[in-house]
Amino acid sequence: MQSGRSGPHSDRPDVAPAESCIDLRSDTLTRPTPAMYTRIATAPLGDDGLGHDPTAKALEEAGARLLGKAAALYLPSCTMANLVATLCHAGRQEQVILEAQSHMYTAERGAATFTGTFPLAIAGTDGAMDLQRLADALRPGGSSLSTGMIGLETTHNNAGGTVPPLDHMRAVRAMALADGIPVHLDGARLLNAAVHLGVPACMIAAEVDSVSLCLSKGLSAPMGALLAGSAALVARARSLRKMLGGTQRQVGIAAAAGLEALATMGDRLGEDHARARRLGAGLNGLGPGLSASVPQTNIVQVDLSQSGCDSATWLDRLAAQGVLARPLGPWKLRLVTHRHIDDGAVEAAIRAFGACLPPR
Ligand SMILES: *Cc1c(COP(=O)(O)O)cnc(C)c1O
């Protein structure tokens, strides 16, 4: 899948790894900004296992403020943040209800072998669970399984970066509250959702008991995620992180980049969304062979089924043109815009798709 044109990695900090190729595989490819490198070099450090690393502590405080929660915890990845949240909320032999295409269900449910929980998938539309099916699952009538947690996701990765409406989140919360069930939000791309809705991130997070946020996607930090919630939840999360081996020592080296990401990188995500819309529109303008989604945020899904070629063929042809993407099954591609994709790269990607279209 890797293009033959991918050159050696650049030593310049703010440049994408392979300047000659347009890498639309993921916003996780974003490299630290020069300001992040400066903060990394000057960050006060301590041992986060023996008390606190001061930079990680500052990041956790900034994250709690941004997300409108009492406290936050810095973890190595958003996957671990979601796992720790599940362990905080749900006991063994309890059900964890997730939207059927959510990342926690499709990519992370193997964690059930450790948590002892039962992931239950509820079908949804554009990332929003079917509320009637959720109601049926919450009142299973005669089942001995109780529900320990409901998980939501925004932006919804597999639904093409869609943002479930706040009203949907409120409806889920009301149902959960009625049964005393906690709600966790996988907010890996929460700041993209906030930009799309035009509201502060804390307004979205207010609808849930706990929320995770990935710092290493469009926010461009090299690694790390936050989990925010009540002081009691975060205290428990801190001890679970230790048990999982996720407590790191001079972790301020990484947290410094996260601090810069929270302070400066959220506001520019709208640029990625505008470029994704332009990319989708440009691909739809190439004729009936390609059908691209109209993205709400930074993920474009391209249906290839009318083009006569499958995703593997498209990936090869695009790579030969210097464009990298990822397959979503045999007939779809996923394209993600991010800080290293400028207007010129969008136009060049559209031209590359045009050049790869089979003649009709
Ligand atoms: C990427 C992603 C994750 C996992 O994040 P990592 O930091 O890579 O572990 C979880 N949920 C969603 C929706 C994601 O897109």
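These are my notebook entries on a few residues and cavities that I looked up in this structure, which is a predicted model.

**Entry 1: Lys 217**

I began with the record, where an unreviewed UniProt entry gives Lys 217 the annotation "modified residue: N6-(pyridoxal phosphate)lysine". I then looked for its place in the fold and found Lys 217 in the loop between β9 (210-214) and β10 (225-229). Is Lys 217 buried or exposed? Its relative accessibility is 13%, and because buried means under 20%, I noted Lys 217 as buried. Leaving aside neighbours within four places in sequence, I listed Asp 27, Thr 28, Thr 30, Ala 188 and Arg 189 as the residues in contact with Lys 217.

**Entry 2: Ser 220**

I stayed in the loop between β9 and β10, since Ser 220 is found there. Although Ser 220 is not a glycine, its phi is positive, at about 75 degrees. I also looked up its accessibility, and Ser 220 is buried, with a relative accessible area of 0%.

**Entry 3: the cavities**

How many cavities of 30 Å³ or more are there? I noted two. The largest cavity holds about 40 Å³ of space, and Lys 217 from my opening entry is one of its lining residues, together with Ala 188, Arg 189, Asn 192, Leu 213, Cys 214, Gly 218, Leu 219 and Leu 269. By class, I recorded five nonpolar, two polar and two charged residues in this lining. Ala 188 and Arg 189 caught my eye, as they line the largest cavity and are also in contact with Lys 217.

For the second largest cavity I wrote down about 30 Å³ of space. Its lining is made up of Gly 127, Ala 128, Leu 152, Glu 153, Thr 154, Pro 164, His 168, Met 169 and Leu 185. Which elements supply at least two residues each to this lining? I found that β7 (147-153) and α7 (166-178) do. The lining divides into five nonpolar, three polar and one charged residues.

**Entry 4: around the second largest cavity**

Thr 154, one of the lining residues of the second largest cavity, is joined to Thr 155 by a cis peptide bond, with omega at about -10 degrees. I placed Thr 155 in the loop between β7 and α7.

I next turned to Asp 126, which is found in the loop between β5 (124-125) and β6 (128-129). Asp 126 has a positive phi of about 50 degrees, although it is not a glycine. Its relative accessible area is 52%, and because exposed means over 50%, I entered Asp 126 as exposed.

**Entry 5: Gln 95**

I looked up Gln 95 in strand β3 (residues 95-99), and with a relative accessible area of 9% it is buried. What does the side chain of Gln 95 meet in a polar contact? I found the side chain of Thr 147, at 3.2 Å. Setting aside neighbours within four places in sequence, the contacts of Gln 95 include Phe 118, Leu 120, Ala 137, Leu 145 and Met 149.

**Entry 6: Thr 55**

My last residue was Thr 55, which lies in helix α2 (residues 54-67) and is buried at a relative accessible area of 5%. I compared sequence with space here: Thr 55 and Ala 257 are 202 residues apart in sequence, yet 9.8 Å apart from C-alpha to C-alpha. Apart from neighbours within four places in sequence, Thr 55 is in contact with Ala 43, Pro 44, Gly 252, Ala 255, Ala 256 and Leu 259.

Key:
Residues numbered from 1 in each chain as written. Predicted model: local features only at pLDDT ≥ 70, side-chain atom pairs only at ≥ 80, totals over all residues. Heavy atoms only, no water. Helix = DSSP H or I, 4+ residues; strand = E, 2+ residues; numbered from the N terminus. Buried < 20%, exposed > 50% of the residue type's maximum accessible area, 1.4 Å probe, protein only. Polar contact = N/O pair within 3.5 Å; in protein donor to acceptor, adjacent residues only side chain to side chain. Contact = heavy atoms within 4.5 Å. UniProt positions renumbered as here; feature names shortened; annotations may be inferred. 1 Å grid on protein atoms, 1.4 Å probe; cavity = no way out; pocket = protein on both sides within 12 Å on 5 of 7 lines; lining within 4 Å. Points joined across faces, edges and corners; volume = space filled by probe spheres on them. Nonpolar A, V, L, I, M, F, W, Y, C, P; charged D, E, K, R; others polar.
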